[in-house]
Structures are given as structure tokens and as C-alpha cells.
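Welcome aboard. Please open the structure in your viewer and keep the selection tool handy, as we will move from stop to stop.

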Amino acid sequence: MSDDPLPPPSPAPRTAAVIPAAGRGVRLGPGAPKALRVLGGTPMLVHAVRAMAASRAVSLVVVVAPPDGAAEVKTLLDAHALPDRTDFLVVPGGETRQESVKLGLDALPPGYDIVLVHDAARPLVPVDTVDAVIEAVRDGAGAVVPALPLADTVKQVEPAAAPGDPEPVVATPDRSLLRAVQTPQGFDRATLVRAHGTVTDDVTDDASMVEQLGVTVVTVPGHEEAFKVTRPLDLVLAEAVLARRRLNDGF
Ligand SMILES: Nc1ccn([C@@H]2O[C@H](COP(=O)(O)OP(=O)(O)OP(=O)(O)O)[C@@H](O)[C@H]2O)c(=O)n1
Ligand SMILES: C[C@](O)(CO)[C@H](O)COP(=O)(O)O
């Protein structure tokens with residue numbers, strides 16, 4: 001047996017989170033841009049940033065602000081307590097989520113090999129879910145999504161012949177094989193950059209762009225509290241989750 005000392009373990013790859021927060025929140029109804037709406041007294045975006053920074057593995061958060069709102073978002077983040085160990089960047093976003101994520105990726109400095117993409121609209125994702133996604137990428141997955149089984153039966157329909165007409169049902173997919181996917185979605189950076197440089201179709205999540213490259217996307221368990229604030233009732237649910245957390249924390 002050699003007396004040579006073992007080489008030092010290679011450092012864990014550094015992880016950055018990109019938070020698309022440039023959406024208007026049309027489905028939420030009139031008011032400020034969705035990411036700036038207040039939940040439990042704190043803007044939704046600040047909750048989302050804190051949720052990413054809660055992971056000790058995340059050392060940079062890139063916030064993608066509304067196209068003309070980067071200065072306002074920067075001021076907002078400066079006004080809230082955020083962990084010292086995490087760096088923050090704010091960049092202006094685009095017309096679609098896909099464009100906004102691409103702009104966030106373009107702003108990422110070198111040295112971050114794992115990238116999370118997390119909706120500002122999912123402010124309450126627990127840190128264990130964030131860490132599970134990062135761990136799966138560290139273990140070698142090119143793309144990872146948190147996923148939950150569906151509670152409803154799902155029908156595939158044909159488009160209505162005219163607005164307001166019924167939509168004929170054409171199929172009932174096997175629910176046991178379907179999953180609702182959440183964010184953060186985690187990626188090997190080079191794979192995600194390649195996907196955003198290659199795929200031009202309109203898609204609703206980043207993992208589906210990676211699927212189009214032929215790269216396998218894997219799931220980790222999602223979490224009910226990582227739901228997306230989309231419609232007005234979601235705000236009520238988010239307030240209730242925050243109130244329960246405060247009660248449990250003894251505040
Ligand atoms: N041009 C856009 C559109 C969306 N998003 C972000 O993508 C996430 C998920 O999008 P969604 O929930 O659809 O938000 P909105 O586009 O704001 O919602 P709506 O479709 O109701 O307007 C949100 O954090 C949103 O801010 C973005 O960064 N840039
Ligand atoms: C990325 C996402 O949150 C995964 O569920 C979702 O696809 C975003 O969809 P939206 O229509 O942009 O809200």
C-alpha cells in the first residue's frame with residue numbers, strides 16, 4: 001500500500017439559481033406585477049429568493065426582473081435581509097418566460113456548473129426540495145424536475161369548434177403515469193445552455209427543452225407547498241401556508 005496522501009476531494013460544483021420574475025400575472029388579475037405582490041407582508045419575489053438562498057449549495061441568485069423594472073427590483077432586494085453567503089444579480093427579462101430564462105442564463109458568470117431555474121411564482125418551495133434537486137444533478141442527471149402525482153383525472157380534448165362550444169373528450173390518459181412538475185428545475189449548465197440555444201418552439205418549462213435534445217430528465221419528489229401562485233385562490237392558500245409556518249415556528 002502506498003504511503004502517498006490521498007488527493008484532496010474535488011470541490012462540489014457551484015450552483016446558481018435563475019429566478020424568472022418578469023411575468024405580469026394576468027391570471028391573478030389586476031394589480032402589481034405578480035412577483036411584486038405581497039404575501040404575509042413580504043413581496044412574493046423576496047420569498048422566492050430566500051427559498052433559493054436557503055440552500056447552502058446555492059451561492060448566486062440571478063433575478064430576471066420585468067423588462068423595465070430591474071432598478072425597482074434591485075432596490076426591493078436591497079431593502080430586505082438576504083443571506084450574506086449568497087450573491088445576487090438582477091437583469092431585465094423578456095416577453096416570454098423562455099426569453100426571460102435565457103436572459104438570466106446569459107448573465108451567469110463562469111464557474112457555476114449547476115443551474116436551478118425557479119419561478120418567482122412558487123415562493124414557498126421548501127429547502128429540502130431545492131436540495132433534493134441539486135443532489136440529483138450532482139449525482140449525474142442532466143436535468144431534474146420535482147414532480148407530484150395528479151389528484152384529478154385528466155381528459156384530452158379537441159379544441160371547441162367555436163368559443164363557448166363544448167370541447168369533445170378524445171382520451172383519458174393513464175393518470176398513474178402522469179406527473180405535475182414544479183420548480184426549481186435543476187440542470188447541468190452546459191445542457192441547459194445548449195437547450196436554450198437550440199430549441200425555438202414555445203414551451204412552458206425548461207426541462208421540456210432538454211427533452212427535445214434527447215437528454216433524459218429525471219424526477220425527484222415535489223412538495224405541495226411548492227405550488228405556483230397563478231390564480232386569486234392561490235394567494236389565499238399561500239397566506240394560509242405562511243400563517244401555519246409562523247404558528248409552527250412559534251412567532
Ligand atoms: N415574460 C415572462 C413571463 C413569465 N415569467 C416568469 O415565469 C414564471 C412562471 O410564469 P407564470 O406563472 O405564467 O407567470 P405570469 O406569466 O406572470 O402569469 P400569467 O400567465 O398569468 O400572466 C413567473 O415567475 C413569471 O414571473 C418571466 O420571467 N417572464
Ligand atoms: C415551469 C412551470 O412552473 C412548471 O410547472 C410551469 O410550466 C410554468 O407555466 P406557466 O404557464 O408559465 O405558469
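**Stop one: helix α1.** Select Met 44, Leu 45, Val 46, His 47, Ala 48, Val 49, Ala 51, Met 52 and Ala 53: these are buried residues of α1. Because 9 of the 10 residues in this helix (residues 44-53) are buried, α1 is largely enclosed by the rest of the structure. As you look around, please keep in mind that this is a predicted model.

**Stop two: helix α3.** Next, colour residues 97-106, which form α3. This helix is also largely enclosed by the rest of the structure, because 8 of its 10 residues are buried. To see them, pick Arg 97, Gln 98, Ser 100, Val 101, Lys 102, Leu 103, Gly 104 and Leu 105. What do these buried residues of α3 pack against? Bring up the strands β1, β4 (58-65), β5 (87-92) and β6 (114-117), together with the helices α5 and α6 (206-212), and you have the partners.

**Stop three: where α3 meets α5.** Keep α3 on screen and add α5, residues 189-198. Two packed helices are described by the angle between their axes and the distance between the axes. Here the angle is about 130 degrees, and the axes are 11 Å apart. Angles from 65 to 115 degrees count as roughly perpendicular and those over 145 as roughly antiparallel, so α3 is oblique to α5. The crossing of this pair is left-handed. For the side chains, show Val 101, Lys 102 and Leu 105 from α3, and Leu 192, Val 193 and His 196 from α5, which they meet. Sorted by class, this contact consists of 4 nonpolar, 1 polar and 1 charged residues.

**Stop four: ligand 1.** Now centre the view on ligand 1 and select its surroundings, a shell of 22 residues. The closest are Pro 20, Ala 22, Gly 23, Arg 27 and Ser 100. You have already met Ser 100, one of the buried residues of α3. How does the shell divide by class? It has 8 nonpolar, 7 polar and 7 charged residues.

**Stop five: ligand 2 and a cis bond.** Move to ligand 2 and display Arg 97, Asp 119, Val 181, Gln 182, Thr 183, Thr 204, Asp 205 and Lys 228 around it. By class, this shell has 1 nonpolar, 3 polar and 4 charged residues. Arg 97 is another of the buried residues of α3. From Thr 183, step along to Pro 184 and check the peptide bond between them: is it cis or trans? The bond is cis, with omega near 10 degrees. That deserves a pause, since most peptide bonds are trans. Pro 184 itself sits in the loop that joins β10 (179-181) to β11 (185-188).

**Stop six: Ala 70 and Pro 13.** Select Ala 70 in helix α2 (residues 70-78). It has 18 other C-beta atoms within 10 Å and is therefore partly exposed. Beyond its neighbours within four places in sequence, Ala 70 is in contact with Ala 65, Val 90, Val 91 and Pro 92. Draw a C-alpha to C-alpha distance from Ala 70 to Leu 89, and you should read 9.8 Å for a pair 19 residues apart in sequence.

Pro 13, in the segment before β1, is your next selection. With 15 C-beta neighbours inside 10 Å, Pro 13 counts as partly exposed. Its contacts, setting aside neighbours within four places in sequence, are Asp 113, Ile 114 and Arg 138. Asp 188 is 175 residues away in sequence, and its C-alpha is 9.9 Å from that of Pro 13.

**Last stop: two exposed residues.** Find Val 26 in the loop between β1 (15-20) and β2 (38-39). Val 26 counts as exposed because it has 9 C-beta neighbours inside 10 Å. Its C-alpha is separated by 8.6 Å from that of Thr 230, although their positions lie 204 residues apart along the chain. Finish at Gly 250, in the segment after α7 (232-249). Gly 250 is exposed, with 5 other C-beta atoms within 10 Å. From Gly 250 to Val 229 the C-alpha distance is 25 Å, with a sequence separation of 21 residues.

Methods:
Residues are numbered from 1 along each chain as its sequence is written. Chains are lettered from A and ligands numbered from 1 in the order in which they are written. This is a predicted model: local features need pLDDT of at least 70, side-chain atom pairs count only at pLDDT 80 or more; totals for chains, interfaces and linings use all residues. A residue is near a molecule or strand if its C-beta atom, placed from the backbone, lies within 6 Å of it. Ala, Val, Leu, Ile, Met, Phe, Trp, Tyr, Cys and Pro count as nonpolar, Asp, Glu, Lys and Arg as charged, and the others, Gly among them, as polar. Axes are lines fitted to C-alpha atoms, for helices over the stretch in contact, and angles run from 0 to 180 degrees between N-to-C directions. Helices (H or I, at least four residues) and strands (E, at least two) are DSSP runs, numbered from the N terminus. Angles under 35 degrees count as roughly parallel, over 145 as roughly antiparallel, 65 to 115 as roughly perpendicular and the rest as oblique. A crossing is left-handed if the near helix is turned anticlockwise from the far one by less than a right angle, and right-handed if clockwise. Two residues are in contact if their C-beta atoms, placed from the backbone, lie within 7 Å. A residue is buried if 20 or more other C-beta atoms lie within 10 Å of its own, exposed if 12 or fewer, and partly exposed in between; C-beta atoms are placed from the backbone.
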